[in-house]
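Please look over the sequence and the model shown here, and read the report beside them.

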Amino acid sequence: MQSNPILSGVGLKGYPEDPVNDFSITFSTVNGSGSATANTTILRALFKMGIPVSGKNIFPSNIQGLPTWYTIRISKKGYTARIERDDIVVAMNQASIEDDIRYLNPKGVLFYSDDIALPPFPGTVVTYPMPIKSMAKETEAPAGLRDYISNMIYVGILAKMLDIQMAKIRLAVEYHFQGKEKAIQSNMEIIQNAFVWAEKNLEKKDPFRVEPMDLTNKLIMSDGNTAAALGAIFGGVQFSAWYPITPASTLAESLNEYLPQYRKEPETGKATYVVVQAEDELAAIGMTIGAGWAGLRSMTSTSGPGLSLMAEYMGLAYYAEVPVVVWDVQRVGPSTGLPTRTAQGDLTFSYFLGHGDTQYLILIPGSVDECFEFGWKAFDIAERYQTPVIVLSDLDLGMNQWMAGQFVYPNKPIDRGKVLWEEDLKEHITKHDGKWGRYLDIDGDGIPYRTIPGNQHPLSAYFARGTGHDDFGQYSEDAKVWEEGLNRISSKLEKAREYLPKPEMNRTSASAIGILSSGSAHPAVKEAIDILKSDGISTDYMRVRAIPFSNEVRKFLHDHDRVYVVELNRDGQLHQILSLEIPAEAQKLIKTTHIDGLPLTAKWISGKIRSNEETIK
Amino acid sequence: MSESPAVPGKQAINDVGMLRSDYKGAPSTLCQGCGHNSIAAQIVAACYEMNLIPEKVIKFSGIGCSSKSPFYFLSRSFGFNGLHGRMPSLALGAAFGDTTMRVIGVSGDGDSASIGMGQFKHLVRRNLPMTYIIENNGVYGLTKGQFSATAEKDLFLKRQGTNPYLPIDICMEALVANASFVGRSFAGDPKQVKELIKSALSHRGIAILDIISPCVTFHNQGGSVHSYVTGKEMEQPLHDISYVPKRDEIMIGDFEEGTTQEVELFDGSKIVLKKLESEYNPRDRWQAMHMLEEAHRNNWLVTGLIYVDPDQPTIYDIYNISGTALNRLPPEKIRPPRSELDRLNLTMF
């Protein structure tokens with residue numbers, strides 16, 4: 001991923017306004033009207049034209065009738081972060097028109113359904129009325145499909161007005177309707193008719209347009225949740241229990257979609273996997289832990305409120321040393337919060353989850369590519385260390401479409417950790433004075449050997465529990481046994497520090513200023529670094545990908561005079577954890593946080609850092 | 001019946017070469033006379049007599065006195081003591097590791113009828129093949145004598161006063177959730193407990209056994225069906241139940257014709273129900289509910305096989321799971337080959 005200039009945004013300068021291949025379009029529609037299909041069609045067509053694009057869906061927690069926005073950013077430089085500027089607005093919703101115009105670039109363009117009454121707007125804005133209602137009527141489509149058709153009309157009009165290639169639009173429509181010829185034909189007809197209408201009736205008065213490039217070769221488009229599910233499948237997932245929650249549901253739904261293709265016994269047609277929609281998250285985690293204990297590669301996927309419900313069972317898995325993988329696709333909390341908006345707000349909760357002394361191995365993917373990679377890697381880590389692994393994705397990464405590299409096949413064989421089946425146990429017992437203890441640390445690395453239910457060796461069984469237990473799994477309230485057991489688990493996880501995915505670094509500037517971030521803050525930080533550089537402020541960058549932190553993180557903090565910790569939450573949760581884990585460097589950390597439910601922007605990050613640097617001077 | 005003839009001075013070996021002691025657990029730390037101990041003893045007896053291999057059984061529990069009991073039987077079986085009320089989810093996930101294993105869960109009224117009600121009913125509706133025993137004493141023992149959700153209304157307990165709420169009937173809840181096997185018994189009736197446990201272990205589906213198991217320390221007062229004395233007085237068996245393993249079919253001839261009903265289970269074994277005072281058909285869900293309501297109104301402790309449907313599809317059927325133990329699949333069976341990822345990449349947009 002680092003090697004692809006588009007995805008990493010390397011070598012870019014400035015931020016000039018350029019009407020060709022460098023602008024944003026916001027579609028303002030009503031949710032439940034099928035606009036997602038229309039918007040994704042445009043996104044995909046641009047992608048197939050070789051132009052770097054990204055799409056962000058800002059949607060309400062509602063099924064039908066409330067305003068929803070979708071922004072496509074077209075960036076020849078490969079920037080994919082959210083941008084605080086709408087160059088083009090496609091207005092389809094009377095209810096939000098005032099807001100839409102407020103965010104519109106004063107030199108921008110307004111396409112609007114001609115039944116919308118426009119409020120006052122700057123005279124510099126170029127407008128194009130679209131006879132959406134009358135054109136939808138002309139198609140003679142049933143009334144129930146009219147909204148849907150209306151959205152396809154603006155696809156055709158935009159194609160004409162922005163020079164989007166119709167052949168690429170067709171590719172996108174074909175992909176969406178997956179070979180359903182009738183649907184492809186009727187949608188293409190609507191788009192085509194709208195294109196022709198625009199050709200005849202609209203005169204181009206604005207400078208925005210697209211031109212084909214060749215910057216998306218060998219890239220794919222995917223959302224993080226699909227990538228995570230596919231990664232899990234290539235990691236050999238065997239069991240998943242889940243409960244519906246935005247924005248995590250599509251992860252489990254993708255497992256349901258793809259698993260049948262890969263995991264049926266060819267001879268019998270029978271499944272070698274299980275996906276259960278549980279009655280709630282309490283049960284989802286219970287099932288996941290049961291399966292993990294019984295030797296299955298086991299995972300669940302949820303969001304903050306679900307993780308709250310899972311806390312008690314996670315503590316049991318930690319102490320009974322059961323490998324499980326928990327994906328938390330974060331949304332805005334506390335409480336129900338903003339359930340359809342994005343945040344990096346579950347970092348400290350995941351870090352401290354559970355009563356008593358606990359620790360969790362945390363992975364933080366920063367791209368769709370990493371969602372796939374951590375999808376398989378998380379199982380190896382969980383089974384190697386016999387412990388829960390929490391993967392912190394978020395709504396922006398999980399639900400939006402991103403450009404990504406083609407998925408990369410795991411570069412390591414599956415690691416099931418220290419498991420003893422019948423023959424292994426026999427050998428183990430012979431080698432170790434006739435002894436095997438489920439929690440006995442023989443190798444000195446804190447990781448004991450585990451047996452799995454179904455093992456027929458008469459000495460294989462043990463009674464797993466969350467109550468105090470000794471090296472042999474026997475109930476114990478002994479003070480020394482308790483303390484030693486808990487300390488062993490801690491020493492086991494301490495060793496994971498250097499095994500977990502290492503941070504990604506860019507230290508080319510040899511600057512005294514460091515920027516540190518994680519997860520989906522990445523695209524905005526990358527862009528902010530370029531902006532700062534063009535302003536004469538050079539910075540080094542580190543993106544952490546796992547907690548506990550490896551020594552590189554300590555060194556990065558040590559090597560810089562000050563480090564901006566950029567994250568999408570109120571309290572600076574990554575900043576808090578860094579301060580706890582690396583207290584000697586805590587004074588250097590500068591909390592750089594923002595939480596409004598929207599993805600971070602380069603403008604905000606660079607502005608924040610610039611103004612702070614100015615006060616230092 | 002399935003025991004080999006005992007040799008004097010020697011423990012008898014069953015058909016799979018096991019002694020009764022091979023099914024034992026750790027010594028119980030529950031109170032002397034606790035009904036739970038007697039149930040554990042019947043689980044040991046049932047497994048021994050049924051010739052089960054202990055390594056082919058997994059056992060589960062939640063939290064409470066009842067949930068300690070899996071430790072007191074089948075030491076050679078894997079077990080997992082989960083969280084309060086959340087044994088069902090743990091068992092369901094674990095059962096998929098190797099679907100050839102027999103699953104025994106032991107819970108209590110505190111564990112299953114309060115926090116656990118949701119998981120209990122959802123496990124029932126999923127029809128996981130599992131023997132789910134609820135050791136029901138109407139009281140929280142481990143926290144020293146609070147009312148449970150199955151305690152009868154107006155029950156008086158020393159530190160709690162009078163129970164203001166109507167009780168939950170576990171068998172009724174199981175029936176309402178479409179359980180495929182529902183039985184009720186009384187720890188003071190060990191023979192019936194054992195026959196029901198055997199039947200439950202042979203049932204392919206969820207088998208709910210609500211076993212009244214008096215708490216000798218906090219709630220054994222006369223007048224309550226949760227006590228030894230009153231339980232015995234009020235017990236009204238629906239039938240005389242016998243479990244007949246497949247190979248002992250000949251024994252059925254011992255029963256007088258016209259006085260018994262038979263239920264054939266998935267493994268070919270049979271439950272033989274000898275008629276007592278009145279007719280009762282345990283395959284009739286409607287009659288089962290009617291009977292439970294009648295028992296409730298009359299304060300009877302009706303015991304026996306309340307309902308059974310041996311043919312209801314299980315969760316394994318629903319998921320069409322491979323016959324190979326999933327937890328023994330080698331890496332090449334769980335990770336698709338590189339060529340599949342190449343193909344997948346081509347299908348991505």
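The report below goes through confidence, strand pairing, the contact between the chains, and selected backbone details.

**Basis and confidence**

This is a predicted model, in which local features need pLDDT of at least 70 and side-chain atom pairs count only at pLDDT 80 or more, while totals for chains, interfaces and linings use all residues. Residues are numbered from 1 along each chain as its sequence is written, and chains are lettered from A and ligands numbered from 1 in the order in which they are written.

Chain A has an average pLDDT of 94, and 97% of its residues score at least 70; pLDDT is the predictor's confidence in each residue, from 0 to 100. Over residues 1–16 of chain A, however, pLDDT stays under 50, and for this stretch the model has 31 contacts beyond four places in sequence, a contact being a pair of residues whose C-beta atoms, placed from the backbone, lie within 7 Å. Where pLDDT is low, the predicted coordinates should not be read in detail.

**Parallel strands of chain A**

Helices (H or I, at least four residues) and strands (E, at least two) are DSSP runs, numbered from the N terminus, and two strands pair if DSSP finds at least two bridges between them. The pairings described here, with one pair of opposite residues for each, are set out in the table.

| Strands | Bridges, sense | Opposite residues |
|---|---|---|
| Strand 8 and strand 9 of chain A | four, parallel | A:Ala241 and A:Val276 |
| Strand 8 and strand 10 of chain A | two, parallel | A:Phe239 and A:Ser298 |
| Strand 10 and strand 11 of chain A | four, parallel | A:Ser301 and A:Trp327 |
| Strand 15 of chain A and strand 2 of chain B | three, parallel | A:Arg465 and B:Asn81 |

Strand 8, helix 9 (residues 249–262) and strand 9 of chain A make a right-handed β-α-β unit, and strand 10, helix 11 and strand 11 of chain A make a right-handed β-α-β unit as well. A crossover is right-handed if, with the strands pointing away from the viewer, the path from the first strand over the helix to the second runs clockwise.

A residue is buried if 20 or more other C-beta atoms lie within 10 Å of its own, exposed if 12 or fewer, and partly exposed in between, with C-beta atoms placed from the backbone. In a regular strand the side chains alternate between the two faces of the sheet. Along strand 9 (residues 274–277) of chain A, A:Val274 and A:Val276 point to one face and are buried, whereas A:Val275 and A:Gln277 point to the other and are not. In strand 10 of chain A, A:Ser298, A:Thr300 and A:Thr302 point one way and A:Met299 and A:Ser301 the other way, yet all are buried. Because five of the five residues of strand 10 (residues 298–302) of chain A are buried, this strand is largely enclosed by the rest of the structure.

**Contact between the chains, and chain B**

The contact takes 57 residues from chain A and 47 residues from chain B. Helix 10 of chain A gives the most to the side of chain A that touches chain B, with nine residues. By class, that side has 33 nonpolar, 16 polar and eight charged residues, where Ala, Val, Leu, Ile, Met, Phe, Trp, Tyr, Cys and Pro count as nonpolar, Asp, Glu, Lys and Arg as charged, and the others, Gly among them, as polar.

Chain B has 12 helices and 15 strands, and of its 349 residues 53% count as buried. Among contacts in chain B between residues at least 6 apart in sequence, 69% join residues at least 24 apart.

**Backbone details in chain A**

A cis peptide bond with omega of about 5° joins A:Thr246 and A:Pro247, and A:Pro247 is found in the loop between strand 8 and helix 9 of chain A. Another cis peptide bond, with omega of about 10°, joins A:Gly333 and A:Pro334. A:Pro334 is placed in the loop between strand 11 (324–330) and helix 12 (347–352) of chain A.

A:Ser335 lies in the loop between strand 11 and helix 12 of chain A; A:Ser335 has a positive phi of about 55° although it is not a glycine, and is exposed, with 9 other C-beta atoms within 10 Å. A:Asp433, in the loop between helix 15 (422–431) and strand 15 of chain A, has a positive phi near 55° and is likewise a residue other than glycine.

Technical notes
Contact = placed C-beta atoms within 7 Å.
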